[in-house]
Each structure stands twice: as C-alpha cells, then as structure tokens.
Amino acid sequence: MKSIKTITGALLLMLGVIGVASCSQEEDNALMQEKGNLLKIRTTVADTRGVITGTTFQKGDEIGICVTTVDGHDYTGNSQNIRATYTGSDWQLERDVVLTDDEAIVYAYYPYNANVTDSIDIYLNPTTTPEQTDYLQGSCQGVSINNTTADIRFNHALTRITLAVTKGANDVGEGVISRVRIENNLMYYSGQYVGERPTRRDTKIATRGKMSIKTGEKRKITSEEDYFVELPVNCTINSSNPQNIDILLLPVSYSSVQISTWSGGGINVVLTIDGDEYEFSLNAVPFHTGDVPEGAIVLPSGYAWEAGQQYTYPVTINRSTVHRESVYMGFDGDDGQPLYWSTINLGATSPTDYGGLYGWGDPTGQHREQWENASDSYYIADLEECITFYGGPTPPENISGTELDVVRELWGENWRMPSAVDFWQLIDNCGIEKVDEIIDGVEYDGYWLTSNINGNRIFFPKAPFRTGEIVGWFTDATMYWTSNIYSADPSQIEWGNVLNFEQLDLYRQNEAVRTGLRKCIGLPIRPVTSNPE
C-alpha cells in the first residue's frame, strides 16, 4: 500500500532532504504491522433450526461486538458494544480493536443496539412487527495477535413454534386464518393456604425478556399482564398441504408439579378462523370458546420449548357447522332484504365483548397506521397511508358487501358491515337503554336495543378506539363503524361514517346528521346478514 507519506518522502528526497524518506518508511511499516493486528470477525449460525427470516446474515445486518480480557475487563479501554456491519462478504467494525499478546474473549449479539451494556432487551411484539426478530448470541475465546480472527458461532435465543394447519376432509367454512395467539392458561396460587383458589395467571409466555450478551442467559422481565404473544396471519387452509404458522417465543418449560397442582391446563393456542376464535390447550382435550362441534381441532400435547429448537404441531380443522347467532329486529336492510343483526361484534367471543378494533375499508383488519393527537387538533402522521390502506383514493360511497368489507372477508359473503341507513333504521325502530349491570355474574356495560316491532333485542357493548397499537377510551362516546364514507365533506376521503351511541337522540331528530372519524382509527363493527345460517 503506497501512502501519501511515501509520495511526500520521495518528493523531498529529490530535493535533497534524505532523512524524511527513511522516517516515512518506518511509519508506513508500523501502520501495516498494526493493521495486521486488528480484530477480524467471521460468523456462522447454529443450524439446530432455521431462522424465520433466513439462516444467514444479509448485507446491511448489524451485530454488536464486545471484547474483554480473560478476567472480564475491557480489552482496549474502548472495545465494548462495537457496531459491526455485514457487507455481504465480511464484517466491518466501526472501531478498530488492536490485538496484543494478551488473550481476548469476543462476545457478539444480534440485532445491534447502541444502548446495550451487559444485556440486550428482547421484545416480542409480532402484532406490529410480524417478521419477528430472532435474537442471537455467540462468543469466541483465544483471540490474540497470533489469532486475529474471531470465529463466532451464533446460537438462537428464542424457541420456534410451528403450527402445521390442515383443513379436514369434511370441514365446513372457508378456513381463513387471520390471527394466532399463544397464551398462558395456567393459574397459580398467590398465597400459601391449601385449597386457596388460584387468582393469578402465570407468566411463562412472556412478551419481554433480557439476554446476557456474554452468556446468552435469558431473564424474564415481563409484567404479570403480558401472558400471551399474538401474531397476525393471512392464509387459507386446504386439505392437501398444511399451512405453516410460525411464532417465536422466549423458552418455556413447565414442571410436572406445576401442571398437576396448578389450575388451567398450561398453555393455550387460539386460532381465529373465519372470524371465530378456536381455543385449545396443548395438554387437554381441544375445545372452542363458542358453540362449535366437538373435536374441532386435533393437536398433540407437549411442553419444554427450549432455545434454538423448533417444535412442529400438526393441527387438523374438522368443523361440521359454523354457527353465528343473529336476531331479526323486524325491518328490512339497506339492500331491501330482511335484516338480521349478529348478537356479537366482529372478533368478539360473547355479546359483552367489544371484539376487534378495525380500520374502515381495511379488508385484512391488520393495518395499524397511527392517528396522532397534537395539542387540541387531530391529524394523521401519513395521510397518504391512510388513503392507501383504508379504501384507496376512490372508495365507493358504501363498502358494505364489497371487497373492502372486513366482515365479508372474515365471516364470508353472507355477512357484511351495516350501512348508515341500517343503523338509522335500527335506532328509529328500537327502544334504547344504557346500562351498566351484572346479569348472572356477567357485566353488561353498554346499550340494550329492543325492537318496537317484534320485541327482539340485542346488546351493543361499550367500546374503546385504537390508534396504531394504542387503545384508549372516548371521554363520553361509544362509536361503531358504518359502511359509508363521511359524506358531510366529500373532499375528506380519509374519513368514514360512524354511529355514536351518545348522540342517538340527535340522530332521531335529523337523519342528515353525520359523524365521521379518520379511517385508520380502530373501531368495533357489528355484522349484519340477509341470509342467516
């Protein structure tokens, strides 16, 4: 390597300054020797299983490097948490580490975090990041001036669960899976008294944890409320090829004593299929939270999910019926057909459950764009995203029953979102009672609507709203989406029409009243049908 110093030395030599050239050559030799002593990184990933996003590093991936002495001190005084970037062929360190005769230990972790000290935080939030980061840790000993390349073999910090779901030969329904959740179903005793009723849910399934960057040891820091990991899914099962659903978890294990003495059955898996939740335990007879046939899901039992391992469970769906209860309130719908109202919200498991919170015009039900609050004015962080993901730039005035209707997507073509006219008909033909009461041990907080035509009634639970991943409650309102755009101002195509239960008297006085919200806001939806099953 010819440096500027060498060229300068040659020029001065020509001018008769002989000493400068020899000094420059010595410095250049010293620099080349020093470069030969720099730490270099070479990596492999343990092949106990494949990483969901791939088994090798990709160009631009970043890892963190920490270099210590054998007794655990900083090797150079500035060799902790060095960023290393993969070029596609090798790793480039942001700071050089000059090796000496002293032995060094090189620790590495993935992904890089600038704030790391002795451990890296693990966050499992696949609801917002479905790609699921697979955390890695590795190390190499015996690195020195005589062995400048650290061969680091990364190990997986997480365990991988795969559900291989197949549609049974006699299964009815479309078989659209939109969500999977793995949760604790094990309750444990908060006191010491024999016979005490379990009152606290165990936290074996954790959404957060810590991983030591030196040992790879994982320490759980999850709160008691974080007892499940949920993943959005978009697949349709068939009877020929299993659909694999992958989810990463912190390692889990239950002892035989825990399972035999605690209550609840251990770990539950919940699949949302055709809009209904099917819940089953991994060590118990499969069951469903609603009214579905016996034996809806077949799954072998098992525990002890270890780091770096993959566990595959075959799941067979065999439903003889898919039943959703609906009520006729005595009047026709916006389409001129007799209108039946579902007794539960979309994504709910009971009449008192507000269910899912969906954006207007998002047929997947999975988009989570943010609606932000700045001072007293509301705005969308990215207006273009709101338009793109929620109905597009030219949505129809009414999306009920169209390809933009999330109800049709999740429950099938017999079901749809209610239009503004459907809701106004309901209001005009019903007595409405706001309640917060306990009936047979169940809390009903919301609105009973009783038909003035035939006396039938349905319950609308009080519900929050969602902006991004944040769920909050309106100060004095419960709002449900209608299938209509917000027509009070046609220029505001990012707005959808809602029914506000706190303004029912105003609706009755003036059918032209319109209430609108940004389409990316998550609100509950009450399905309707003209063809009840």
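A polar contact is taken here as a pair of N or O atoms within 3.5 Å; within protein, one must be able to donate a hydrogen and the other to accept it, and residues adjacent in sequence count only if both atoms are side-chain atoms. The model is predicted, so local features need pLDDT of at least 70 and side-chain atom pairs count only at pLDDT 80 or more, while totals for chains, interfaces and linings use all residues. Residues are numbered from 1 along each chain as its sequence is written, and side-chain values use heavy atoms, with hydrogens and water left out.

A good place to start is threonine 162, found in strand β9 (residues 159–167); strands (E, at least two residues) and helices (H or I, at least four) are DSSP runs numbered from the N terminus. Threonine 162 has a relative accessible area of 2% and is therefore buried (under 20%, against over 50% for exposed and in between for partly exposed, with a 1.4 Å probe and protein chains only). Its side chain makes polar contacts with the side chains of aspartate 246, at 2.5 Å, and glutamine 310, at 3.1 Å. Beyond neighbours within four places in sequence, the residues in contact with threonine 162 include Ile245, Tyr311 and Tyr313, contact meaning heavy atoms within 4.5 Å.

Turning to the aromatic residues, 19 aromatic pairs are found in the whole structure. Rings of Phe, Tyr and Trp (its six-membered ring) pair if their centres lie within 6.5 Å, and planes under 30 degrees apart count as stacked, over 60 as edge-to-face and the rest as tilted. Phenylalanine 57 and tryptophan 91 have ring centres 5.1 Å apart and planes at 80 degrees, so they form an edge-to-face pair. Because phenylalanine 57 lies in the loop between β1 (40–45) and β2 (62–69) and tryptophan 91 in strand β4 (residues 91–93), this pair ties together parts 34 residues apart in sequence. Phenylalanine 57 and tryptophan 91 are both buried.

Phenylalanine 423 and phenylalanine 460 form a tilted pair, because their ring centres are 6.2 Å apart and their planes at 50 degrees. Both of these residues are buried, and ring pairs link them with Trp341, Tyr447, Tyr480 and Phe501 into a cluster. Arginine 526 lies over the face of phenylalanine 460, 4.2 Å from the ring centre; for such an arrangement, NZ of Lys or CZ of Arg must be within 6 Å of the ring centre and within 35 degrees of the ring normal. Likewise, the charged end of arginine 457 sits over the ring of tryptophan 448, at 3.6 Å from its centre.
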